[in-house]
Amino acid sequence: MTLITKPAHRISLTRLRLGCHALRIQTGKYENRGALIPVEERTCLVCKEDCIEHEQHFLMYCQGYTTLRRELHSHISNVDTHYNRLSDNEKTRYLLRAENTITSKIIGKYIHLMFKKRKEILDSQL
Ligand SMILES: [Zn+2]
């Protein structure tokens, strides 16, 4: 993880890996005045497609990040040609666990940009 030189990128990736992030799968534990919101009600407020906002939804499926995700996948497959042949579950694990210097840097950068985009989208709904 120390391979990622930009602190903001490293922090975004570390938080996602540790489950210490703003996605509702986590925040839904507390956002209702400390009362637990059932997992199936922790839906994504970015796409509002009634999907639970967990790590895989954020990384692989949410419509709010389509452009960033396309760029991320394209950069990774340029570095690691094996990537495109992985299933969605394997890609999710790959993104969360990448140990290679170059891919970690790319992933850290894009996860940071996706969280930034998430905040922009949610702030614009206020
Ligand atoms: Zn979504």
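Q: How many helices and how many strands does the protein chain have?
A: In this predicted model, the chain has six helices and zero strands. Reading along the sequence gives you α-α-α-α-α-α.

Q: What makes the radius of gyration of the protein chain agree with a compact globule?
A: Set the two values side by side. A compact globule with 126 residues would come out near 14 Å, and the protein chain has 15 Å, so the two agree. The C-alpha trace spans about 45 × 30 × 25 Å along its principal axes.

Q: How do you know what length to expect for helix H6?
A: Take 1.5 Å times one less than the number of residues. H6 covers residues 101-124, which is 24 residues, and the expected span is 34 Å. From first C-alpha to last, H6 reaches 35 Å, close to that value.

Q: Why are residues such as Ile-107 and Tyr-110 in H6 called buried?
A: The cut-off is 20 or more other C-beta atoms within 10 Å of a residue's own, so a residue that meets it counts as buried. Ile-107 and Tyr-110 are on the buried list for H6, and so are others, including Gly-108 and Phe-115. Among the elements covering the buried residues of H6 are helices H1 and H4.

Q: Which residues touch the most other members of the largest nonpolar core?
A: Out of 20 residues in that core, they are Ile-107, Tyr-110, Ile-111 and Met-114. H6 gives the core its largest share, six residues. Leaving out residues up to four places away in sequence, Ile-111 touches Ser-12, Leu-13 and Leu-16.

Definitions and conventions:
Residues are numbered from 1 along each chain as its sequence is written. This is a predicted model: local features need pLDDT of at least 70, side-chain atom pairs count only at pLDDT 80 or more; totals for chains, interfaces and linings use all residues. Helices (H or I, at least four residues) and strands (E, at least two) are DSSP runs, numbered from the N terminus. The radius of gyration is taken over C-alpha atoms; the globule rule is 2.2 Å times the number of residues to the power 0.38. A residue is buried if 20 or more other C-beta atoms lie within 10 Å of its own, exposed if 12 or fewer, and partly exposed in between; C-beta atoms are placed from the backbone. Two residues are in contact if their C-beta atoms, placed from the backbone, lie within 7 Å. A nonpolar core is a set of buried Ala, Val, Leu, Ile, Met, Phe, Trp, Tyr and Cys residues joined through C-beta atoms within 7 Å.
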